[in-house]
Amino acid sequence: MAESRSIKVDYLARVEGEGALDVRIEDGRVTDVRLEIFEPPRFFEAFLRGRRSAEAPDITARICGICPVAYQMSAVHALEDAAGVQVDGPLRRLRRLLYCGEWIESHTLHVYMLHAPDFLGKHSVIEMAKEQPELVERGLRLKKAGNAIVALLGGREIHPVNVRVGGFYKIPGDRELSQLARQLETALDDALATVEWVAAFDFPDFEVDYEFVALRHPDEYPFNEGRIVSSRGLDIDAREFHEHFEEVHVERSNALHCRLKQRGHYKVGPLARYHLNHGLLSPRAQQAARVAGLGDSCRNPFRSIVVRAVEVVHACEEALAILADFERPERPFVDVPAGAATGYAATEAPRGLLHHTYRIDAAGLIEHAQIIPPTSQNQGTIEDDLRQFIAPRLDLADDDLRWQCEQAIRNYDPCISCATHFLKLTVDRR
Amino acid sequence: MSDKPKLAVWKFASCDGCQLSLLDCEDELLTVAGEVELAMFLEASSARVEGPYDLSLVEGSITTPHDAERIRAVREQSRALVTIGACATAGGIQALRNFQDVEEFTRAVYAHPEYIRTLARSTPIADHVKVDFELRGCPIDKGQLLEVLSAFLHRRKPRIPTFSVCVECKRRGIVCVTVARGEPCLGPVTHAGCGAICPAFDRGCYGCFGPAASTNTPSLADHWKKHLGVPDDELGRAFLSFNAWAPDFRAEGERHG
């Protein structure tokens, strides 16, 4: 006699965007796991065509309110690649500083507001604040420090206005930058305390043998530059991306799935960056990772919260180092000549590798744009994780199983707004 | 159960940035949470309290048949409904589809256009249901968001100025980028609220708060053309961006596009 159970959650919470999960279980076996993304499509790649290339950083920022800097950075680097221009020196360091701000803000949002409630059995950070106000205040203070970097360098926290192809429109004053350094010293202490706090959470026993993909740079934990490498030997330039990766359109999702050709699903994001680059973390981030017991690699997606916290330590320390050695650039930007060309770039958004391609015509207008966000690259891997995770847990009651599946999805800090853009969870047992 | 006013936050087609503005109120978030019951705010909480709601904040534009139904259900459950941001108020950047063939757009982005269910137009919330207040901006300003929350909780009118960015810019004592450097700037026709950040960063305003209450866009366009040498196609693009479907910007953009 076939057993059939059905579990449904209409809207998955504490993720950015709208999606659903549909799990089918027949005779005690998981037969299908489908992450459905019904966030409405917004067609960025279509309406970028015919826009001036200089508009790309302002327009692509609107793909995501949580990580606009990532979109701006991938856009400007791809457009500079098309023009054969390399932005170096103090301007390059200021771009790293801006990215540090976004990592601190976005990771802290996820660690404290979206992910920690799962481990504490709460619905929200507001519920957490009723019992542990000091802890929540620490998270808010840390997030505010990240936002302070973005607001100072970018003009505002969400959709900053100061990024342009070639550099910035204006460089902030020395006094404002030194005030920022004081705020970041407190932030570094808060970040270290955060690692200690999350490392003590109770994590399910669950490890996955992922192929990790991230940028790798010889001297730096990656933000804006580096080769695209994997834990299974991939080592390519951003220009070669489309030769090795492919996008597949599946019916259940308004976001395209990205796969490695001939190999399939892979994982981007904090665990991938950590696996491939942990030796390049800042000294205190490395020490915090050791104390937290992360080792050389972390293959338990539930512990991604610890890796995010470690990356926040890194971003605070890196930001402080950039500010300590700050030299004012002579001009806020370098000239980037127009001309027909194609440019490619990948940068490390908080959620992982973000690849942009632009083909520009002789008049400086965009002829073709292709944007591959981290969550669309992770979609297949999220489904694989769930298949593996659910199988030994089928004896759980529907409510418990549903809660744990939601958690397993939140491990990825999925940004569905980016990936197209709602999470609904349906477990159908037959 | 709580006797505090019930606040709900809803998302339609958008980037999540405007609802994030509430979580970005790091200094005020816990105070706000003390004054209202966050009854429905999926980005921040997995708790779901049934309606009706005293105040609904709506982010995003209507782009699918399902969302056109959903916004009516939200309106029915809400005593007051406030739209937050350019998508909910003017259709957002995704309203650029309204000027083109959406089927062609779908083919450009997706391998299987037949899997995609979408409307030909991205439209503001007020095209579908009664809206009690529209807060502008791409993204909204969090200070203005707090003012709107406070006003609605005290059942008074929000104090949100409707003059142009130029007024904010002059008040800050910023040197005019158009007068001093011949930089095209949409400040004279753009709704205030951002604090004139673009001119403060040495660039012209690009209109992300949409049109101010009374605008003379033809006069500004004429000035750009005659005195700043801005070509027609550039003028068209300047008006047709984050608030392309706002009537004043749309009309001016179509004159040049």
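Which residue caps the N-terminal end of H6(B)? In this predicted model, the cap is Asp141(B), and the first view below starts there.

**View 1. Helix H6 of chain B, from its cap to the residue that follows.** A side-chain oxygen of Asp141(B) lies 3.0 Å from the backbone nitrogen of Gly143(B), capping the N-terminal end of the helix. H6(B) has twelve residues, which at 1.5 Å a residue should span 16 Å; the end C-alpha atoms are 16 Å apart, so expectation and model agree. After the helix comes Arg155(B), with a positive phi near 55°.

**View 2. The buried residues of H6(B) and their cover.** Look here for Gln144(B), Leu145(B), Glu147(B), Val148(B), Leu149(B), Ala151(B) and Phe152(B), which are buried in H6(B). An α-helix has 3.6 residues a turn, so residues three or four places apart point the same way. The elements of chain B that cover these buried residues include three strands named S1 (6-11), S3 and S4 (78-84), along with S5 and the helices H1 (17-23) and H2 (29-35).

**View 3. Glu147(B), a buried residue with a polar partner.** Glu147(B) sits in helix H6 of chain B, which runs over residues 142-153. Is Glu147(B) buried or exposed? Its relative accessible area is 15%, and because buried means under 20%, Glu147(B) counts as buried. A polar atom of its side chain lies 2.7 Å from the backbone nitrogen of Arg159(B). Leaving aside residues up to four places away in sequence, Glu147(B) touches Arg156(B), Lys157(B), Pro158(B), Arg159(B) and Ile160(B).

**View 4. Helix H6 of chain A and the glycine after it.** This helix covers residues 133-154, and at 1.5 Å a residue its 22 residues should span 32 Å; the end C-alpha atoms are 30 Å apart, which agrees. How many of the 22 residues of H6(A) are buried? The number is 16, so H6(A) is mostly covered, as buried means under 20% relative accessible area. Just past the helix, Gly155(A) takes a positive phi of about 95°.

**View 5. Where H6(A) packs against H7(A).** Helix H7 of chain A spans residues 174-199, and the two helices pack at an angle of about 140° with their axes 9 Å apart. Their crossing is left-handed. On the H6(A) side, the residues in contact include Leu135(A), Arg138(A), Leu142(A), Ala145(A), Ile149(A) and Leu152(A). On the H7(A) side, they include Leu177(A), Leu180(A), Leu184(A), Ala187(A), Asp190(A) and Trp197(A). Taken together, the residues of this contact divide into 13 nonpolar, three polar and five charged.

**View 6. His159(A), a loop residue with a positive phi.** His159(A) is found in the loop between H6 and strand S4 (163-164) of chain A. Although His159(A) is not a glycine, its phi is positive, at about 50°. With a relative accessible area of 1%, His159(A) is buried.

**View 7. Ala196(B) and Ile197(B), at the start of helix H9 of chain B.** Ala196(B) belongs to the loop between helix H8 (177-181) and H9 of chain B. Here too is a residue that is not a glycine but has a positive phi, of about 60°. Ala196(B) is buried, at 0% relative accessibility. Ile197(B) lies in H9, which covers residues 197-200, and is buried as well, with a relative accessible area of 10%. Which residues does Ile197(B) touch, not counting those up to four places away in sequence? They are Gly155(A), Arg156(A), Val161(A) and Arg172(B). Between the C-alpha atoms of Ile197(B) and Ala212(B), 15 residues apart along the chain, the separation is 16 Å.

**View 8. Ser45(B) and Pro52(B) in the loop between S2 and S3 of chain B.** Ser45(B) has its place in this loop and is buried, with a relative accessible area of 7%. The side chain of Ser45(B) reaches the backbone nitrogen of Ala47(B) at 3.0 Å. Pro52(B) is found in the loop between strand S2 (37-41) and strand S3 (53-59). The peptide bond leading to Pro52(B) from Gly51(B) is cis, with omega near 0°.

**View 9. A cis peptide bond at Pro139(B).** Pro139(B) lies in the loop between strand S5 (133-135) and H6 of chain B. The bond that joins Cys138(B) and Pro139(B) is a cis peptide bond, and its omega is about 10°.

Methods:
Residues are numbered from 1 along each chain as its sequence is written. Chains are lettered from A and ligands numbered from 1 in the order in which they are written. This is a predicted model: local features need pLDDT of at least 70, side-chain atom pairs count only at pLDDT 80 or more; totals for chains, interfaces and linings use all residues. Side-chain values use heavy atoms; hydrogens and water are left out. Helices (H or I, at least four residues) and strands (E, at least two) are DSSP runs, numbered from the N terminus. The expected span of a helix is 1.5 Å times one less than its number of residues. Buried means under 20% relative accessible area, exposed over 50%, partly exposed in between (1.4 Å probe, protein chains only). Axes are lines fitted to C-alpha atoms, for helices over the stretch in contact, and angles run from 0 to 180 degrees between N-to-C directions. A crossing is left-handed if the near helix is turned anticlockwise from the far one by less than a right angle, and right-handed if clockwise. Contact means heavy atoms within 4.5 Å. Ala, Val, Leu, Ile, Met, Phe, Trp, Tyr, Cys and Pro count as nonpolar, Asp, Glu, Lys and Arg as charged, and the others, Gly among them, as polar. A polar contact is a pair of N or O atoms within 3.5 Å; within protein, one must be able to donate a hydrogen and the other to accept it, and residues adjacent in sequence count only if both atoms are side-chain atoms.
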